[in-house]
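Colleague: I should be grateful for a close look at one part of this structure, namely its salt bridges. Please take the pairs in turn and describe the surroundings of each.

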Amino acid sequence: MSHPSQFVLERHACDDLPAGEAATTRQHVSACPGCRRFLDRLLEETQQRPPAAGFAGAIVRAGGVVPASAELPCAEGEQMPRERAGLPHDARPTGRRWHRGWTALAAGLTLAAAAWLLFPGRPTNRLKGAGFVVHRQRGQAQEALPTEGTIRAGDALRLVVVVPEATPIAAWSVDRAGRLDRWLFEPMSVPAGEQALPGSAVVQSPCQDLLVVVATGASASMATEARLRAAAAGGLPGDSSWIPPGTMVQRLRCE
Amino acid sequence: MTEEALAEAYRRFGTCVYRRCRLILRNEIAAEDVVQVVFTKLWRYGHGFEQAESKLAWLYRVAERCCFDWMDRAGSRATEPLEQIDRSALTLHAKHPVEVRELALRLLERLEDRGKQVALLHFIDGLTQEEIAQALGCSRQTIGKELKRLGEHAAQLGSEILREEA
């Protein structure tokens, strides 16, 4: 049996093939379990992607500004050669901050802010006016997690921060075994207001309880990371003495 | 391009573009970021997309460029070992053995952009030199030279496998 290439299957999945080739591919797929499995997997992944309307809406609302976090040469103030991707270079993005976000985040953040006001005694070390919320995507369901919210392997987590003024920010996750991961590639600057941080983290298997640590201002530094790393090296202590000043912490528990 | 058209493009092509980025970058978070860059570019410069014979191929070329830019900026710091990523993109009816494709991916960061693209199209997508030349708008001889250079990089790593496959 002569299989279509993976690219042809991907085009087929995207409804990108000319009619004749699409019919041939459809016929092949109906008789080929391997190709069908591949397409099923693509479909499954598609269902786990962020909703298209929210994704497109966020890009349009941001005016098509490329995310600075991606650190691309075309992000700010640099020439993008015309031949790159066949795109014109006379309309480079401005330096305005790009806002990533799903429609659901706004509602989630409101709920989380209310929880913050109602339950001030949670074990976090807040900066005045600053806060953050962890959002969990499980399948197609998205939810803002409360303190000690639950996670399990495969969940995708995103951070939404609220800051009263433009500030550098850094974020890490630390698991119970003391493994520290950067949430951001490196500290980044965010403007005032509600900001969804770029990227997401997927909870690995086996799931481990996590502490999400967010630092703003001068604390958003490698020095804070070094302190965290040192504190986490022998497993995190039960009290909050290890929490570096100027950081906020949220604990997430495995189901 | 309207917001509705952008949403439709993302609905149709978002998963494949993400998989492509993840394959190249070996980093899920970076891949998500680059996907957003790609669709931002689509929204801003969508004219070529609408006229493209294969819209997925158009998006893949943009995604590859964005990934290469990201790699240039990030160096190798942010990439994960291949063992940690989903290999499904490397295992379906491919022309080249999986170890060849893995090696090609490992070598990407040593290559210039053109070389990266040739490596992807040849070793990962299984295109012939003629097909790559057509896709990239250059001569077959240029593609041959790029593949030869790739083989030399592989040889520096002590592997002759790409030279043989090229």
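Modeller: A salt bridge here is a side-chain nitrogen of Lys or Arg within 4 Å of a carboxyl oxygen of Asp or Glu. The model is a predicted one, and by this rule the count comes to 21 salt bridges over all chains.

One of them joins R11(A) to D16(A), with the closest N and O atoms 3.0 Å apart. Both R11(A) and D16(A) are buried.

A second pair is formed by R136(A) and E255(A), whose side chains meet at 3.9 Å, N to O. This salt bridge links distant parts of the chain: R136(A) lies in strand 1 (residues 131–138) of chain A, and E255(A), 119 residues apart from it, in the segment after strand 11 (247–254) of chain A. R136(A) has 10% relative accessibility and therefore counts as buried, whereas E255(A), at 52%, counts as exposed.

In chain B, E146(B) forms a salt bridge with R149(B), and the closest N and O atoms are 3.5 Å apart. Because these two residues, E146(B) and R149(B), are three residues apart in helix 8 (residues 140–156) of chain B, about one helical turn separates them. E146(B) counts as buried at 13% relative accessibility, while R149(B), at 40%, counts as partly exposed.

Salt bridges that share partners also join residues of chain A into one network, made up of R136(A), R138(A), E143(A), R152(A), D155(A) and E255(A).

Terms used. Residues are numbered from 1 along each chain as its sequence is written. Chains are lettered from A and ligands numbered from 1 in the order in which they are written. This is a predicted model: local features need pLDDT of at least 70, side-chain atom pairs count only at pLDDT 80 or more; totals for chains, interfaces and linings use all residues. Side-chain values use heavy atoms; hydrogens and water are left out. Buried means under 20% relative accessible area, exposed over 50%, partly exposed in between (1.4 Å probe, protein chains only). Helices (H or I, at least four residues) and strands (E, at least two) are DSSP runs, numbered from the N terminus.
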